[in-house]
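Student: I have a model open on my screen and would like to learn how to read it. Could you walk me through its features one at a time?
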Protein chains: 2
Amino acid sequence: MLITANPIEHLQSHGIKPSPQRIAVMDYLLNSRMHPTADEIYLALSPSMPTLSKTTVYNTLKLLVEAGAVLNISIDEKNARYDGDTRPHAHFRCLKCGAVLDLYPEQVPYLEQIDRQQLGRLRIVQTRLYYIGYCEQCQEHTSN
Amino acid sequence: MLITANPIEHLQSHGIKPSPQRIAVMDYLLNSRMHPTADEIYLALSPSMPTLSKTTVYNTLKLLVEAGAVLNISIDEKNARYDGDTRPHAHFRCLKCGAVLDLYPEQVPYLEQIDRQQLGRLRIVQTRLYYIGYCEQCQEHTSN
DNA sequence: AGTACTTTTGTACTCATTACAAATATGTAC
DNA sequence: GTACATATTTGTAATGAGTACAAAAGTACT
């Protein structure tokens, strides 16, 4: 479970006016640990919000990322993924099944230090730490 | 300057048969610190190799990455970038000018530890550490 | 110089994402 | 509440990175 359960408050605390579409996208991201793509979000919300447009999903995600309410994950070369959990954490992608998993500071020694690093005169806005390999299940089933 | 100056040896040491096109791409990556995109590589090599096809650049890059001779950098959402330096190091991208810079272990405390981490039963093949923000020059010229 | 295999090339295609302009909703002043 | 300005959403068309595919060119081996 995440810190903020309420999508409306989460939007407002990041200075975003909560429209029904924005609430739906934010709510979906706050309650998913699947790191969905824009298309997956659209497909998930369409049934209960039939007039929703894919463009709105893209626009909303852009807005949320720029406001810092959501993280953009570039671990998957094919397409962008999104994460409603903005606390510092790393991600792992399985080369076989494609799953993207969260790795929290308890599981990744030095993650906190790496995340809040001062690097010379660079002004760091965001840190991304990605691990790529084979998850437990995918190691069992293959020689790869 | 990099460890291996010779593109042919570098290819062979990764089990890749050196064709003229592969040598050209490898040579370009070994002597560039710009982290070029496939298109930038194509444009750079075209003049001296007029028959070169963009498909060949893509094919070659895929081959080089799979053989571990080159790194794929996913820090730039728009398109993939490539790095001929396969030693462990992090990358920084400037949100204003778009430059992608190398950050070596001397500049990033804990990078070595983060890179060779054992994470439970996950089998890690590659670690990617990206910092995003504003470079020195771009901070000077704006309020951002 | 002939056959099998590898590599390169060009064209056509896919598909994530964006541009754009019309339509709808929301807020505010009278 | 109704008219006007502004913000948001929507659908369609375009963009552009990357891939599929099959023909052409190159290489190796006999």
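Tutor: Happy to! Keep in mind from the start that this is a predicted model. Let us begin with DNA strand D, where a phosphate oxygen is 2.8 Å from an N or O atom in the side chain of A:Thr56.

Student: Which other residues should I look at around DNA strand D?

Tutor: A good habit is to list the neighbours, then look for polar contacts among them. There are 14 residues around DNA strand D, and A:Ser19, A:Gln21, A:Thr51, A:Thr56 and B:Ala80 come nearest. Sugar and phosphate make up 79% of the atoms of this strand that come within 4 Å of the protein. Now zoom in on A:Gln21: a polar atom of its side chain lies 3.0 Å from a phosphate oxygen of DNA strand D. With A:Thr51, look at the backbone instead, where a polar atom is 2.9 Å from a phosphate oxygen of the strand.

Student: Which elements supply at least two residues each to the surface near DNA strand D?

Tutor: Helix H2 (20-30) and helix H4 (54-67) of chain A do, together with helix H4 (54-67) of chain B. H4(A) gives the most, with 3 residues. You can also sort this surface by residue class: 9 are polar, 3 nonpolar and 2 charged.

Student: What do I find around DNA strand C?

Tutor: Take the same steps again. Of the 14 residues around DNA strand C, those that come nearest are A:Tyr58, A:Ala80, B:Ser19, B:Thr51 and B:Thr56. Sugar or phosphate holds 77% of the strand's atoms within 4 Å of the protein, and the rest belong to bases. For the polar contacts, try these three:
- B:Ser19 has a side-chain N or O atom 2.3 Å from a phosphate oxygen of DNA strand C.
- A:Tyr58 places a polar side-chain atom 2.9 Å from a phosphate oxygen of DNA strand C.
- B:Thr51 has a polar backbone atom 3.0 Å from a phosphate oxygen of DNA strand C.

The elements giving two or more residues to this surface are H4 of chain A, with helix H2 (20-30) and H4 of chain B. The largest share, 3 residues, comes from H4(B).

Student: Now the sheet. In what order do its strands run?

Tutor: To read a sheet, walk across it strand by strand. Here you pass S4(A)-S3(A)-S5(A)-S5(B)-S3(B)-S4(B), an open sheet of 6 strands with mixed pairing. Strand S4 (100-103) of chain A and strand S4 (100-103) of chain B stand at the edges with a single partner strand each, so one side of each has no neighbour in the sheet. On average, neighbouring strands are turned by 25 degrees against each other, direction ignored. For one pairing in detail, follow strand S3 (residues 90-94) of chain B: S3 and S4(B) pair in the antiparallel sense over 4 bridges. Within S4(B), B:Val100 is the bridge partner of B:Arg93.

Student: Why do people look for a nonpolar core?

Tutor: Because in soluble globular proteins, nonpolar side chains tend to be buried together. In this model, the largest nonpolar core has 26 residues, and A:Tyr131 and B:Tyr131 have the most contacts inside it. Strand S3 (90-94), helix H5 (111-115) and strand S5 (123-134) of chain A each give two or more residues to this core, as do S3, helix H5 (111-115) and strand S5 (123-134) of chain B.

Student: And B:His10, is that residue buried or exposed?

Tutor: Compare its relative accessible area with the cut-off: buried means under 20%. B:His10 has 7%, so it is buried. This histidine lies in helix H1 (residues 7-13) of chain B. A polar atom of the B:His10 side chain lies 3.1 Å from the backbone oxygen of B:Ala69.

Technical notes:
Residues numbered from 1 in each chain as written. Chains lettered and ligands numbered in written order. Predicted model: local features only at pLDDT ≥ 70, side-chain atom pairs only at ≥ 80, totals over all residues. Heavy atoms only, no water. Near = heavy atom within 4 Å. Polar contact = N/O pair within 3.5 Å; in protein donor to acceptor, adjacent residues only side chain to side chain. Nonpolar A, V, L, I, M, F, W, Y, C, P; charged D, E, K, R; others polar. Pairing = 2+ DSSP bridges. Axes fitted to C-alpha atoms, helices over the stretch in contact; angles between N-to-C directions. Core = buried A, V, L, I, M, F, W, Y, C linked by side-chain atoms within 4.5 Å. Buried < 20%, exposed > 50% of the residue type's maximum accessible area, 1.4 Å probe, protein only.
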